[in-house]
Amino acid sequence: MKSTLDRRTFIKLTASASGALVAGVCFQSCTTDKLPATVYGFSPLIKIDTDGWTTLIAKNPEIGQGIKTALPIILAEELGADWEKTKVVQGDYDEIYEEQWAGGSYAIILNWDLMRTAGAKVRQVLIEAAAKKMNHPANELSTRNSRVIHIKSGDSLPFEELITEASKIPLPETVEFKPIDSFEIVGKNIPQVDLDQDVRGTTKYSIDVKLPEMVYATVLKNPVFDGGVSSWDDSITRTVDGVLDIFELDNKAYGGRLIGPNSPNFVNGIAVIANSTWAAFKGAEKLNVVWDNAGSRMESTEGIFERFHSQLTSTSIERKDGNVVTAKRKAASIFEAVYELPFLAHLTMEPMNCTVDFRADLCEVWAPTQNPKALQEGLIKLFGLKPEQIKIHLPRIGGAFGRRYYVDYAMDAAVLSKKMGKPVKLTWTREEDIKHDWYRPASVHKMTASLNAAGMVTGWQHILANASRKTSLGREGNPAGTEIDSYEFPGGFVPNLQFEYGHVLSDVPLGQWRAVGHSATAFAVHSFLDELAILNNTDPIDYFLKFLGPARMVPVVDDYEFDLKRLITVIEKVRQISNWETRLHEGQGRGFAASKHSGSYIAEVVTVHMDKNDKVRILRVDAVVDCGIVINRSGAEAQVVGGILEGLCAALYGEITIADGATVQSNFHDYRWMQLDEVPDIHIEFVKNDLPPRGLGEPPLPPAAPALANAIFAATGQRIRKLPIIKQL
Amino acid sequence: MPSYTLTINNEKKVISANPDTPLLWVLRDILDLTGTKFSCGIGSCGACTVHYKGNPVRSCTLTVATALEGNITTIEGLSADGTQPIQQAWKDLDVSQCGYCQSGQIMAATALLSKNPKPTENDINTAMAGIICRCGTYTRIRKAIQLAASKSEE
């Protein structure tokens, strides 16, 4: 994801540098007839009320990443609003908002300038209005605590007294941002805006929606990937008290499994409609279905991995610098290692669900989606609706981690509501949720290093073989993309370097998972670097710093650079706070890994203790993060802790296995997740600087698994080359 | 469909449901107390934790017919204004991320402190075992329980 991210940012910044300020595009259009001033005051995101309160629209889906708090913080900062007198309201899906999605750690990156511009332009209008009323020149006025103030005289006016005057003034063409060193809200510990309702149980998720006349539904899908329904007997189901109706869900009648080049439709199965969720669940359990699996490869984990291993010798070259063959010939020694990673599930705490009220004039949807635009496109494709016939609400979402990038479950609900002519709340059981996930792809990595007499790398070859998320279920795209991209680390750091990709086709549905491809490649790359350090009897941090070389800008690809000074800074700092140099007790060890992801630099040290039964206990994690400006200190820390714990937990336990063409695991009892008593002490530091804020949802995750495996090696001498760790000890 | 009288948040509620209906679905679908969450349906994640006769129970595995003898407390019944000490500590430490598991976490933590006002680390581990948070709010959960416990000593 690294380069795509930086490229997009680059494109946007270029556009703004060329005069057409990107952030202004949306908000200029909003001042025209597209959005009447009566709808939302001065800007579609900011409303100043006569009672002195400012309402801020949170436009992006809130999946637990804190964006519902973070984006309004930026608005309030530039506006000069009193945070204690702001209300935050979640916006529905609306194209006027732009970049209204959650994924790839993009939300802050793509909205930083948009939010600053919206806040600043409204501030500029308020100041202009105040200048007239206060008889002070506009350039001597500023805003603070929801007032326009004249510092020299001490005069001030509250925002609410400027509404009439300000509403006559158009939004300015040019924006004047506040100096970053004058920020008063950004960077503080701001509690999540919904915290009070969270602790009272009154936060509404889409699973909590209740509408008049609403009926309840669940689904029983063919567990074999992409299979169909041959026949079914619902006679017992129809005797279940509360069951109202039973339908086959056949995606062939709705455009097939793929409804766009990259958007999958619903999975085939049977739906049960009832007057309660429980009746629907019971009814589905009593169905007797003969599945049609004629088109299935009937795969197994063992078979899939055999094919991955064979594909290591039949690859496409994704990047070629210098000549790795010559480097091997000239090398003092050559070192090889193969790493394997499993399929992973998402297990969002809120299972897949969706409520749809499909009326003749309007299809109204309450969906836990990261990707409302894809949901809208799906409804257009399935039912021939026009965008104005679709209304998508974005309630709070009980976790996403990439699963909710896909909208298959929402298509289920829409089909059922249309059939019933009533609002339908669809709830998947946890079993359906795990068996019909979009898994993190499994992969095999063969790493080869050519080393000189000093033990340093002169040639680097990384061959990755797997089934790609890009081509899963016949989707279009370069199969190597997001598995091993040309900008993968250490591209740009080694003169002779080759990345290769071996493509395998599989029925397993594959998709985004926190940190995408980097969640796997970082394990192989940073475990391998640790092995090279050990091979050379060198401290792993010293070896890595020597491998990186002196602080400089490293061109990786085209417009994507690596600011090595920032990476070295976080590494040196984590060495210090983790007490890396001090001795540990027998059976304990420390491991290190550091990487750049989504524009953020992060270094982590994991400390473990191995007991006599080789049971691993993670004692402590230290992390130092440079993500540029921190928007909300409390939310940022939560993201780093969460990312680290997810990385550690997945490395220790995470594994989806496949047998007879279907997922073996079915619920939390056989897909283990970390519990409170396993959580280590976690120490986090942020580097303070004034650089533009970068992503934070994903970057903490990739270094966690290799740092843990490296720590286990330090403690025991056992090298972990295959995940999950629990199966190796 | 038989009729049952339940005591929920100290109020008598008469509802009609099949005897095997889990308390979770009575709370959510019939009584609109949606703060109690469905996640696994088999008692293995803790998101649906409520108090029954003062003890934390998984409401997805407790049928309505077996929950008639005592008071059932849900997250909505902890306090009128969100200031029960555990709720307050949760707010002081900004514990929630996606928020979905939080009512289960809070119900387990309040049950612990009601019986054991000064829990040790191990007591906390035992009481909170099996209540899963996918976002990883665990470090703040532990601190919030300790904070609430320390305030009750004052």
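Let's start with N268(A), which sits in the loop between β9, residues 243-249, and β10 of chain A. Please keep in mind throughout that we are looking at a predicted model. Is N268(A) buried or exposed? With a relative accessible area of 8%, it falls under the 20% cut-off, so N268(A) counts as buried.

What does the side chain of N268(A) reach? One partner is the backbone oxygen of G227(A), at 3.2 Å. Another is the backbone nitrogen of N251(A), at 2.7 Å. If we set aside residues up to four places away in sequence, N268(A) touches K221(A), N222(A), G227(A), G228(A), L249(A), D250(A) and N251(A).

One of those contacts, K221(A), brings us to strand β7 of chain A, which covers residues 215-221. How much of β7(A) is buried? Six of its seven residues are, so to speak, under cover. β7(A) has two pairings I'd like to show you. With strand β10 of chain A, residues 269-274, β7(A) pairs in the antiparallel sense over six bridges. If you want a spot to look at there, find L220(A), which stands opposite I270(A) in β10(A). With strand β17 of chain A, residues 423-427, β7(A) runs parallel, and three bridges join them. Here the spot to find is A217(A), standing opposite L426(A) in β17(A).

Now let's move to another strand of chain A. M447(A) is in strand β18, residues 443-451. Its relative accessible area is 0%, so M447(A) is buried. Which residues surround M447(A), leaving aside neighbours within four places in sequence? Going up the numbering, we meet F335(A), E336(A), A337(A) and Y339(A), then W460(A), Q461(A) and H462(A), and finally A524(A), V525(A) and F528(A). For a sense of scale, take H346(A): M447(A) and H346(A) are 101 residues apart in sequence, and their C-alpha atoms are 28 Å apart in space.

Next, the empty spaces. How many cavities of 30 Å³ or more turn up in a search of the whole structure? The search finds 10. The largest cavity holds about 120 Å³ of space. It is lined by 16 residues, and the closest to its centre are R440(A), S519(A), A650(A), A651(A) and A705(A). Two helices of chain A, α14 (518-535) and α17 (633-653), each supply at least two residues of that lining. Which element gives the most? That would be α17(A), with four residues. Sorted by class, the lining of the largest cavity is made up of 11 nonpolar, three polar and two charged residues.

Let's turn to chain B for a moment, and to helix α2, residues 85-92. The buried residues in α2(B) are I86(B), Q87(B), A89(B), W90(B) and K91(B). What covers them? The cover includes parts of both chains: α7 (195-200) of chain A, together with α3 (102-115) and α5 (138-153) of chain B. Have a look at the ends of this helix too. At the N-terminal end, Q84(B) acts as a cap, with a side-chain oxygen 2.7 Å from the backbone nitrogen of I86(B). Just after α2(B), D94(B) takes a positive phi of about 50 degrees.

That leads nicely into a few backbone details back in chain A. E99(A) is not a glycine, yet it has a positive phi of about 45 degrees. S105(A), also a residue other than glycine, has a positive phi near 60 degrees. Where are they? E99(A) lies in the loop between β3 (86-90) and α5 (107-134) of chain A, and S105(A) is in the loop between β3 and α5 as well. E99(A) counts as buried at 16% relative accessibility, and S105(A) counts as buried at 13%.

Finally, two cis peptide bonds. One runs from F489(A) to P490(A), with omega near 5 degrees. P490(A) is found in the loop between β19 (457-467) and β20 (496-504) of chain A. Another joins L723(A) and P724(A), with omega about 5 degrees. P724(A) is in the segment after α18 (704-716) of chain A.

Thanks for listening!

Definitions and conventions. Residues are numbered from 1 along each chain as its sequence is written. Chains are lettered from A and ligands numbered from 1 in the order in which they are written. This is a predicted model: local features need pLDDT of at least 70, side-chain atom pairs count only at pLDDT 80 or more; totals for chains, interfaces and linings use all residues. Side-chain values use heavy atoms; hydrogens and water are left out. Buried means under 20% relative accessible area, exposed over 50%, partly exposed in between (1.4 Å probe, protein chains only). Two strands pair if DSSP finds at least two bridges between them. On a 1 Å grid over the protein atoms alone, a cavity is a set of points where a 1.4 Å probe fits but cannot get out, and a pocket is an open set with protein on both sides within 12 Å along at least five of seven lines; lining residues have an atom within 4 Å of a point. Grid points are joined across faces, edges and corners, and a volume is the space filled by probe spheres set on the points. Ala, Val, Leu, Ile, Met, Phe, Trp, Tyr, Cys and Pro count as nonpolar, Asp, Glu, Lys and Arg as charged, and the others, Gly among them, as polar. A polar contact is a pair of N or O atoms within 3.5 Å; within protein, one must be able to donate a hydrogen and the other to accept it, and residues adjacent in sequence count only if both atoms are side-chain atoms. Contact means heavy atoms within 4.5 Å.
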